[in-house]
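Subject: Structure handover

Hello,

Please find below the structure I said I would pass on. My notes on it come after.

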Amino acid sequence: MDIFCCRLLDTVFAIFLGLCLALLLLFFKSFFWKQDIRARNLPRGSEGWPLLGETLAFLSPHRSNSLGSFLQDHCSRYGKVFKSHLFGSPTIVSCDHELNTFVLQNEERLFQASYPKPMHGILGKYSLLVVSGDLHKKLRSVAVNFVTASKSSSEFHRCVDRLSVSMLESWKGRQQVAFCKEAKMFALSLMVKTLLSIEPEDPRARKILADFLTYMKGFVSLPLYIPGTPYAMAVKARARLSSTVREIIEERRRTGSAAGLKKGDFMDVILGKEELNEEEMVSIVLDILLGGYETTATLMALIVFFLAHEPASLLQLKEEHLAIRRKKGSEEPLNGEDYKQMEYTNDVICEALRCGNVVKFVHRKALQDVELKGLIIPSGWKVFPIFVGTHLDLTLHENPMKFDPLRWKDKAISKKVMPFGGGLRLCPGAELARLIIAFFLHHLVLSFKPDDFPIAYPYVEFKRDLVLEIEPTENHS
């Protein structure tokens, strides 16, 4: 009996061991089969140098109304979707409109915002660009409420109108102006006035401008924290900006409590948000400042650049604004009803966004293996939807390199252009930026002769600040 039991145990153990080995073999076979499928279905591409990958080539400056040599080379060799190694991670780069739309529309389900860790030192841990889930919804709602209230506010309309006229008045007697500098000062003056109740002549306004210029230089630079590098300087600039905003919040909190009064402006609104801690307050103010300042100023410069090279478009824009002005008093400020009549102006703005590409790409990460169009995006890989790739796509746009606002008469084009992103992270300030620029253009449509072109770093910049030769503002009315 003992011998029988021993043999039975040996047999059971052998069967058990065989089953384990079979299951193990099946697991490894399945694992390697999946890995093989993933490898075979990955987009083609290259990885570049160890550690650095192809990051330096990807960030190489180029004209913002072009793909640039890196994308042109890779798209011609590998197609509109290719693999690379950027910012320290394996990355799928997409210039394909369908894939880009899919990625943006599946935010928080299949993909998630994922900026390189070093960029968090510049952005801050509560930035709308890096937070997700309920925190993102909470902070974004503050930005959306600000935009909605401003867009419909007659006081905000008068502020934009007044600052626009003031800038043009300051040009009298000058033969040339560096428009980029003027546009940045205009946009920042408007934002600090609206958000922080700081007048443009306040020394703190110029301090904020100086820090924002440093901040933007390091925003997309190589993330090396070495003293003197753009990244290190940007981290310090962000800390100074946070300190400035924190001081203003504390000052408002003290003066508001002492006076027992509320102005009802944005600062009072966020101070009344009990669900926001101080770091979140500072972060949302900086996010709105960044969006309102950088996007607005850059887009203003792009529009001026493109109009200078398309006199027919400039003439049509002038005619629209002259028609609006004829119905108003010579110094009567613009209002919301005037904005509704600026149809061609909005087409000009949309076309400048398509051609100029204020935002070149965004950072996303796959939360699981994703298959689309026969290609695999592995879980954990970064995905870069490249907006310029679709905005200048010959298969989507006729003569895509030409600045032609009339193409926007075809309403279907709006589905082929995504200058402000899409999905849950669609820029909340897009409409407000349009209104600000439309009001400014109303006062600006005079004769100018720029001699410069926009460069993408991948943020957009003009090397010589877009110098304009100007004519007297009296012709405006």
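The notes below go from the whole chain to a sheet, then to a pair of helices and a single residue.

This is a predicted model, in which local features need pLDDT of at least 70 and side-chain atom pairs count only at pLDDT 80 or more, while totals for chains, interfaces and linings use all residues. Residues are numbered from 1 along each chain as its sequence is written, and side-chain values use heavy atoms, with hydrogens and water left out.

The whole chain

The chain has 17 helices and 12 strands (DSSP runs numbered from the N terminus: helices are H or I with at least four residues, strands are E with at least two). Of its 477 residues, 52% count as buried (under 20% relative accessible area with a 1.4 Å probe, protein chains only; exposed is over 50% and partly exposed lies in between). Among contacts (heavy atoms within 4.5 Å) with a separation of 6 or more, 72% join residues 24 or more positions apart.

The sheet

One open sheet has 5 strands in the order 2-3-9-6-4, with mixed pairing (two strands pair if DSSP finds at least two bridges between them). Its edge strands are strand 2 and strand 4 (111-113), each of which pairs on one side only. Direction ignored, neighbouring strands of this sheet are turned by 35° against each other on average (axes are lines fitted to C-alpha atoms, for helices over the stretch in contact, and angles run from 0 to 180 degrees between N-to-C directions).

Going across the sheet, strand 2 (residues 81-86) pairs with strand 3 (residues 89-94) in the antiparallel sense over 6 bridges. Val-81 has Ser-94 in strand 3 as its bridge partner. The two strands form a hairpin with 2 residues between them, and Phe-87 in the turn has a positive phi of about 50°. In strand 2, 5 of the 6 residues are buried.

Strand 3 pairs with strand 9 in the parallel sense over 4 bridges, and Thr-91 stands opposite Lys-382 in strand 9. On the other pairing, strand 6 and strand 9 are antiparallel over 2 bridges, with Lys-365 opposite Lys-382. Lys-382 and Phe-384 point one way from strand 9, Val-383 and Pro-385 point the other way, and all are buried.

Strand 4 and strand 6 (residues 364-366) pair in the antiparallel sense over 3 bridges, and Ala-113 stands opposite Arg-364 in strand 6. Helix 3 (residues 69-78) packs on the sheet, touches strand 2 and strand 3, and makes about 130° with the direction of strand 2.

Helices 8 and 17

Helix 17 (residues 430-444) has 15 residues that should span 21 Å at 1.5 Å a residue, and its end C-alpha atoms are 21 Å apart, which agrees (the expected span is 1.5 Å times one less than the number of residues). Because 14 of its 15 residues are buried, helix 17 is largely enclosed by the rest of the structure.

The axes of helix 8 (residues 179-196) and helix 17 come within 13 Å and cross at roughly 130°. That makes helix 8 oblique to helix 17 (under 35 degrees is roughly parallel, over 145 roughly antiparallel, 65 to 115 roughly perpendicular, and the rest oblique). Phe-179, Phe-186, Leu-190 and Met-191 in helix 8 meet Ile-436, Phe-440 and Leu-444 in helix 17.

Ser-313

Ser-313 lies in helix 13 (residues 311-326) and counts as buried at 7% relative accessibility. Leaving out residues up to four places away in sequence, Ser-313 touches Leu-307, Tyr-344, Phe-403 and Pro-405.

Regards
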